[in-house]
Amino acid sequence: MTSAKRSSPAAATKTNFDAIIIGAGFSGMYMLHSLRDKLDLNATVFEAGDGVGGTWYWNRYPGARCDSDSYVYCYTFDKNLLQEWNWSERYPEQDEILRYLEHCAERFDLKPDIQFGKRVVEATFDDQTQLWTVRTDKGDVATARFVITAVGALSTANIPQFKGFNSFKGKCYHTSQWPHDGVDFTAKRVGVIGTGATAVQAIPEIAQQAKHLTVFQRTPAFCVPARNGNVDPEVTKARKADYDGIRQRIKDSFFGFELNFMPKSVLETTPEEREQEFDRMWDTGGFSFWLANYQDMFFSKEANDVIADYLKRKIRSTVNDPVVAGKLTPTNYPYGTKRQPLDTNYFETFNKKNVELVDANTDGAIEEITPNGIRAGSKEYPLDIIVVATGFDALTGPVKQLGIKGRGGRVLAEEWAEGPQTYLGVAVAGYPNLFMITGPQSPSVLSNMPVSIEQHVEWISECIAHMRRSKLAAIEATSQAQEAWGAHVAEVVNATLMTGANSWYMGANIEGKVRRFLPYLGPEGVGGYRRKCAEVAEKGYEGFVFTAHDQTARPIAA
Ligand code: NAP
């Protein structure tokens, strides 16, 4: 932590930097702290929002809260911070996480080096100077040796272009672009489009306020109870005393949690034995059912069906109307291959008299938005407010929209038209000195995000420190290493059931997006991926080439 508050001239008045970081969420904030305070580099952050927080700045819909246990959904790089911050619940609400990130921004004095309200619209690499020129929508033009994208994986909203969208006379909100002063649903007829993790959190909350709620479902979700609540102070105390151990365990784990698959096939168990295990995970709540289930869940359809059957029975026993229960029951994809939504009274909400389900398969898909509501299956549903909970153009969307141009004017968005091409999900051949934090083809969204963020930030920082020590101007992934990585990402996932769902992991939620698995499901999870990245560095950054400083290249300042 810096001891004195910075009085450096506002970052906005400088135009040349060692590093430009794009985004001030969990990743951009730690990246700034690492480069500026640990390496003493001249770094700035461009942030589109008017405050820090990224995801937690934008996603303010009712019910928005973290799906990861708070004791691991936080920075772990600072031991004092771990001791001084106290979470109020198992899964904190959006405003509490935002307060935490605000606290971190103050604690590490980050704000003087963050330029708020500025969206990066172009980043161009100059082959001669080996510098990047970055432009924002506010007219800023800045140069830097390094550009680091810290834009999150789920930050580009997917707003389907329904026929007649603009004709709607009521109010319409995408969940990730929620008004800061909230939305009053009292006495309103509300429609929610979507039933993913966001909608599963929002629907029970909206149903409590609205006069009538109509949920437009395209694909039903397998939900597991979150079981939010206060954490026993003794448990918190024990965790605080064991943070070194926790940090090590989540770093070495498969998904960045203290969760591991059961080393057993569900098919080898008796019905009684597995029912007991399922009950235990169901009662524990959270991601246990998804990420600490029997080890063949993601590999064998037969095993997956046994596990899915338990969740289907739970839906039938919770929802009173068997017809509605049937509509809410997933049938066309294996359990766990879409992101697990955690719920608090989601299925119970469909027992309320003011809640109606319109299922695309049985009642008819959305045909158009009319001035008065939504038409689906030839019927018009009158509405005052539409909540668009249709998710994101995941992983590639946020990077593609930055206007990145690499060596020789190559355009990243065009080169990724058929899907992302990266090395380790952190670098791209043809784009020297460009790093992506939790980019496509890295574990990112298949892990507890802060764990993967810290790993990438620390790896990138060490790489830049190495370049400074060795007087190197540029680092670039080779196309051979990139191709091999892409093939490896595909090979690993093709051995699982993950490709069998129309999920956003596959890019299948966006019309026209190429169907390609976007994150990296390493055979040994985030622990194995971390070891792979470390090994690359130990071998002199295997798969990368460096350019030494020449007279034209500006050295990395200390
Ligand atoms: P999502 O999982 O992509 O869900 C979007 C929903 O909208 C799906 O039900 C989808 O149906 C539906 N949809 C999309 N386009 C549609 C169209 N044209 N017509 C009708 N329906 C359409 O998005 P999300 O719920 O915002 O969640 C995205 C991710 O954000 C999550 O998976 C999770 O990783 C993250 N998240 C995290 C938290 C947390 O930890 N606190 C909370 C919420 C979300 P299909 O299934 O048929 O595509």
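**Close-up 1. Asn502 and Arg515 share a polar contact between their side chains.** The gap is 2.6 Å; a polar contact here is a pair of N or O atoms within 3.5 Å, and within protein one must be able to donate a hydrogen and the other to accept it, while residues adjacent in sequence count only if both atoms are side-chain atoms. This is a predicted model, where local features need pLDDT of at least 70 and side-chain atom pairs count only at pLDDT 80 or more, though totals for chains, interfaces and linings use all residues. Residues are numbered from 1 along each chain as its sequence is written, and side-chain values use heavy atoms, with hydrogens and water left out. You'll find Asn502 in the loop between helix 16 (479-494) and helix 17. Helices (H or I, at least four residues) and strands (E, at least two) are DSSP runs, numbered from the N terminus. Leaving aside residues up to four places away in sequence, Asn502 touches Lys338, Ala508 and Arg515 (contact means heavy atoms within 4.5 Å). Val121 is another story: 381 residues separate Asn502 and Val121 along the chain, and their C-alpha atoms are 30 Å apart.

**Close-up 2. Helix 15 (residues 449-469) packs with helix 17 (residues 525-538).** Their axes sit 11 Å apart, at an angle of about 0°, so helix 15 is roughly parallel to helix 17. Axes are lines fitted to C-alpha atoms, for helices over the stretch in contact, and angles run from 0 to 180 degrees between N-to-C directions. Angles under 35 degrees count as roughly parallel, over 145 as roughly antiparallel, 65 to 115 as roughly perpendicular and the rest as oblique. Helix 15 brings Val451, Ser452, Gln455, His456 and Trp459 to the contact, and these meet helix 17 residues including Tyr529, Arg530 and Cys533. Sorted by class, the contact has eight nonpolar, three polar and one charged residues (Ala, Val, Leu, Ile, Met, Phe, Trp, Tyr, Cys and Pro count as nonpolar, Asp, Glu, Lys and Arg as charged, and the others, Gly among them, as polar).

**Close-up 3. The ligand has 25 residues around it.** To be near the ligand, a residue needs one of its heavy atoms within 4 Å of it. The closest are Arg65, Thr195, Thr198, Arg218 and Thr219. Arg65 has a backbone N or O atom 2.4 Å from a ligand nitrogen atom. Thr219 uses a polar side-chain atom, 2.5 Å from a ligand oxygen atom. For Ala197, a backbone N or O atom lies 3.1 Å from an oxygen atom of the ligand.

**Close-up 4. Five strands line up as an open sheet in the order 7-16-8-9-12.** The pairing is parallel; two strands pair if DSSP finds at least two bridges between them. At the edges are strand 7 (171-174) and strand 12 (355-359), each pairing on one side only. From one strand to the next, the twist averages 15°. Four bridges link strand 7 to strand 16 (residues 385-388), and Lys171 stands opposite Ile385 in strand 16.

**Close-up 5. Strands 13, 14 and 15 make an open antiparallel sheet, in the order 13-14-15.** Strand 13 (366-370) and strand 15 (379-382) are the edge strands. Here the twist averages 25° from one strand to the next. Strand 14 (residues 373-376) is joined to strand 15 by four bridges, with Gly373 opposite Pro382 in strand 15.
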